[in-house]
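Here are a few exercises to work through with the model open beside you. Try each task on your own before you read its solution.

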Amino acid sequence: MAQSSRLAAIATDFAAEADMRVIVVGGGIAGLGAAYRLREKGHQVVLLEKEQEPGGRCRSVLWNGVWAVTGAFAFLGAETNLVELSEKLGLHQPDQLLDLTAAHSWNVLIKRKDVVDFGAFDLMSAAKHPYIPLLEKAKLLATLPTLAKQMLASDPRDLTSAIALDGENACEYFRRYSPTFVDYFLEPCMGMFCGYSEEDYSLAWTAWSSAGKLSWAGNHMWSYKNRGVGQLTWALGQFFLQDADTDYRLGTQAQAVHYGSDGVHVDSICNGIAERITGDAVVMAVPGDQVSALMPNLDTARRNFFDAVDYAGHHIVYYVLDRPKGDLLETYVLPTADGFKRTGNLRFTDMGNGTTFAHSQWKDWGCRQHADASDRELLDIAWADVVEAVPSLAGTRVIDSFISRQPAAICKRPKGFVTRLKQLNDLGPLPRVAFCGDYMTNSTVGQAHWSGLQAAEQLMAS
């Protein structure tokens, strides 16, 4: 069965009678997940997405014959909610998947001359790191009992279960035991994956996210041969296009969200035309730092939480180089300690036709420093960073390049964030309103999607 026919058949299998009309504001993976779960249970959905396609930070574009991701690039096999979703959408076919676990190996460039394989991202791998002095390794290992106790007690679906460690900044904590570990392992890794600066994540989040990896067996990284991980959001968008009980509105910007005892309404604008959309409930699936501005009657306690939410930028720059890969390594991770404050990592793939496909990713510092620059200016700056890190590329002709700008890519979780999140959760559900997004949990595709499922369940239970 063709994919479009399969998705149409799924829609006709959903319950016909709806108890609620729910407006979902935001068509990223969290909002799409909430909308799909609501439709499974027979509720009508109005799905608003400001862009012309769904997916948010989980999309991909076809460029020079390659599916280039614009944000998230893979999902974890341990995130069973995504496996279940992909099965429902007819995507979970072994021959259509790529296991990126082995390919996800990164080399850190130390002092701009030595290259060391990261290994896995855990303290045991750090203990084997050839660049960390033995005394520092011993001090690191001495932290394991305390951290392991908290990690084993953590719920991989509940970030607040690690609240006991929320009073410590992760880099400050580990720098007391091993400055080398922070400079050439922790900071480069967080800059690579998240764009984070040292002050952007607490010990609570660091330990909890590691606990999630330990708690879920078979934690492989997967992507789709077609469209990469954006295949998920693309398929969900195709489903909603064909679903008669989803009012699917792309290119529609929410202006204000109001809620009360008689229902909710969302003031929106599409193609210059303003409209008030009404419903019984609303799912707020926009980035957390946008919530307060959209909800003028939000209570003070919740507003205080959302006003403190911040995101790290994480631009991705793609290149086609007029040269084979040759002796270039597949990956380079660039530490801030050696002056690489802007670009976090590089990857090179030989295309087999005399060209090399490459990309670089920016850290938050660079995204903020050059927020007003044009795409052309950013591309020039980014390429200069590449040549600075790998001087042998000087003089290489760049056949083509483009930049995916992500000024708000991943929620920061600094010291105190988990405490504020617990305070938000302790307020209990807000009648007719549910919130979802990566700020509620972790920034993986599966965790963000899970928050959407939880938002839908909350509304259906109320």
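**Exercise 1. A sheet and its edges**

Work out which strands of the β5-β9-β6 sheet stand at its edges, and what that leaves for them.

Solution. Start with the order: this predicted model has an open sheet of three strands, arranged β5-β9-β6 with antiparallel pairing. Next, count partners: β5 (75-76) and β6 (97-99) each have a single partner strand, so they are the edge strands and one side of each has no neighbour in the sheet. Now look at how one pair is joined: three bridges link β6 to β9 (residues 221-224), and these two strands run antiparallel. To find one such place, go to L98, whose bridge partner in β9 is S223. As a reminder, strands of a sheet pair through backbone hydrogen bonds.

**Exercise 2. A serine in a strand**

Locate S268 and decide whether it is buried or exposed.

Solution. First, place the residue: S268 belongs to strand β12, which covers residues 263-270. Second, apply the cut-off: buried means under 20% relative accessible area. S268 has 4% relative accessibility, and therefore counts as buried. Third, list its contacts, leaving out residues up to four places away in sequence: S268 touches T252, Q253, A254 and Q255, and also I273, A274, E275 and I277.

**Exercise 3. The enclosed space**

Find the largest cavity and say which element gives the largest share of its lining.

Solution. Begin with the search: in the whole structure, one cavity of 30 Å³ or more turns up. The largest cavity holds about 60 Å³ of space. Its lining consists of Y36, R37, E40, N81, E84, L85, K88, H449 and L453. Sort these by element: α2 (29-40), α3 (80-88) and α16 each give two or more residues. The largest share, four residues, is from α3. By class, the lining of this cavity has four charged, three nonpolar and two polar residues.

**Exercise 4. An open pocket**

Describe the second largest pocket: what is its volume, and which residues lie nearest its centre?

Solution. Take the volume to begin with, which is about 490 Å³. Then turn to the lining of 20 residues, where N425, F435, M440, Q454 and Q458 lie nearest the centre. Assign the lining to elements: α15 (417-426), β22 (433-435) and α16 (445-461) supply at least two residues each. Here α16 makes the largest contribution, with five residues. Finish with the classes: eleven lining residues are nonpolar, six are polar and three are charged.

Definitions and conventions: Residues numbered from 1 in each chain as written. Predicted model: local features only at pLDDT ≥ 70, side-chain atom pairs only at ≥ 80, totals over all residues. Heavy atoms only, no water. Buried < 20%, exposed > 50% of the residue type's maximum accessible area, 1.4 Å probe, protein only. Contact = heavy atoms within 4.5 Å. 1 Å grid on protein atoms, 1.4 Å probe; cavity = no way out; pocket = protein on both sides within 12 Å on 5 of 7 lines; lining within 4 Å. Points joined across faces, edges and corners; volume = space filled by probe spheres on them. Nonpolar A, V, L, I, M, F, W, Y, C, P; charged D, E, K, R; others polar. Pairing = 2+ DSSP bridges.
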